[in-house]
Amino acid sequence: MSVGIQLRSKAPDTEKITINLGYVDLGHIDLMVAEGFYSNRSDFIRSAIRNQLERHAEFVKQSTARKSLDLGLRNYSREDLEAVRRSGEMLHINVLGLASISQDVTPELARATIASVSVLGALHASAAVKAALSDRTR
């Protein structure tokens with residue numbers, strides 16, 4: 001008896017960014033890592049970012065509410081968009097975090113159902129869907 005296991009590819013839960021730092025700042029970070037305060041440069045940078053976000057948490061909370069942003073992870077499946085099309089309505093996607101449009105969504109379905117896209121964070125969608133929505137993305 002053989003058992004088949006289907007592995008699903010999991011979307012990463014982080015987004016890679018690139019920053020430019022002066023040599024002295026980079027040296028300070030390396031010193032903190034060498035002295036054991038942080039495990040590596042990325043650990044230091046993530047910690048610094050979290051500290052700044054905590055410092056400005058009230059502003060972020062108020063701004064998120066004012067802009068009516070969905071916070072966190074928001075996935076739009078083909079079934080979701082087909083239901084929107086049947087209802088005759090259009091979506092306005094406003095996400096702070098990750099907005100994901102399923103890979104089986106066609107560019108035509110996306111254009112027929114999504115009026116605007118505003119994502120503070122990352123948008124995961126096929127290249128064709130991103131291109132179809134480029135004039136509706138800010």
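**Notebook: Ala122, His56 and the largest pocket**

I began with Ala122, which I put down as buried because its relative accessible area is 12%, below the 20% under which a residue counts as buried. The model I am reading is a predicted one, and I keep that in mind for each entry below.

I then looked up where Ala122 sits, and found that this residue belongs to strand E3, which covers residues 114-124. Leaving aside neighbours within four places in sequence, I listed Glu15, Gly97, Leu98 and Ala99 as the contacts of Ala122. I also checked Thr14, which is 108 residues from Ala122 in sequence, yet the two C-alpha atoms are 9.4 Å apart in space.

My next entry concerns the largest pocket, for which I noted a volume of about 1,200 Å³. Its lining is made up of 25 residues, and those closest to the centre are Thr14, Glu15, Ile17, Arg46 and Ile49. I went on to ask which elements give two or more residues to this lining, and the answer is helix H1 (23-34), H2, strand E2 (91-101) and E3. The largest share, seven residues, is from H2. Sorting the lining by character, I recorded 14 nonpolar residues, five polar and six charged.

Last, I turned to His56, which I located in the loop between helix H2 (41-55) and helix H3 (57-66). Is His56 buried or partly exposed? I entered His56 as partly exposed, because its relative accessibility is 39%. For a distance across the model I took His56 and Glu108, which are 52 residues apart along the chain and whose C-alpha atoms are separated by 40 Å.

Terms used
Residues numbered from 1 in each chain as written. Predicted model: local features only at pLDDT ≥ 70, side-chain atom pairs only at ≥ 80, totals over all residues. Heavy atoms only, no water. Helix = DSSP H or I, 4+ residues; strand = E, 2+ residues; numbered from the N terminus. Buried < 20%, exposed > 50% of the residue type's maximum accessible area, 1.4 Å probe, protein only. Contact = heavy atoms within 4.5 Å. 1 Å grid on protein atoms, 1.4 Å probe; cavity = no way out; pocket = protein on both sides within 12 Å on 5 of 7 lines; lining within 4 Å. Points joined across faces, edges and corners; volume = space filled by probe spheres on them. Nonpolar A, V, L, I, M, F, W, Y, C, P; charged D, E, K, R; others polar.
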